[in-house]
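Visitor: I would like to go through the charged pairs of this model and hear the reasoning behind each label. Could you show me the structure to begin?

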Amino acid sequence: MITAIVLIQTAADRLAEAAQEIADLDGVDEVYSCAGDVDLIAILRVSKHEDLADIVPGRINKVEGVLDTDTHIAFRSYSRRDTEAAFSIGLDEQ
């Protein structure tokens, strides 16, 4: 599974609509509105790199109100959830 984080700039008057349209795209797992340098952050999870080429320039960039994107591909996860899941494999919960 390939995870990508896409930073998205939107037109102010289309932020909510753009966020929902992006969230509805196949391959988009989550979309967050946020404060800071970007308006939206989308988390994509796909099986092939080619899928990213289809989703980001092919669909996200074509959503009305999207002004710019910046895509970052994740190499490895260091979340607490992943670590706890690895150590609980094979254990029965009581």
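**Salt bridges and their exposure**

Guide: K48, at 43% relative accessibility, counts as partly exposed, because that label covers values between buried (under 20% relative accessible area) and exposed (over 50%), computed with a 1.4 Å probe on protein chains only. This is a predicted model, in which local features need pLDDT of at least 70 and side-chain atom pairs count only at pLDDT 80 or more, while totals for chains, interfaces and linings use all residues. Residues are numbered from 1 along each chain as its sequence is written, and side-chain values use heavy atoms, with hydrogens and water left out.

Visitor: What makes D51 and K48 a salt bridge?

Guide: A salt bridge requires a side-chain nitrogen of Lys or Arg within 4 Å of a carboxyl oxygen of Asp or Glu. The closest N and O atoms of D51 and K48 are 3.9 Å apart, so the pair meets that definition.

Visitor: Why is D51 called partly exposed?

Guide: The relative accessible area of D51 is 22%, and therefore D51 falls between the two cut-offs.

Visitor: How do you know that D29, E30 and R45 are linked in a network?

Guide: D29 forms a salt bridge with R45, with the closest N and O atoms 2.4 Å apart. This pair links distant parts of the chain, D29 lying in strand β2 (residues 28–33) and R45 in strand β3 (residues 40–46), where strands are DSSP runs of E with at least two residues, numbered from the N terminus. E30 also meets R45 in a salt bridge, at 3.7 Å from N to O.

Notes. Helices (H or I, at least four residues) and strands (E, at least two) are DSSP runs, numbered from the N terminus.
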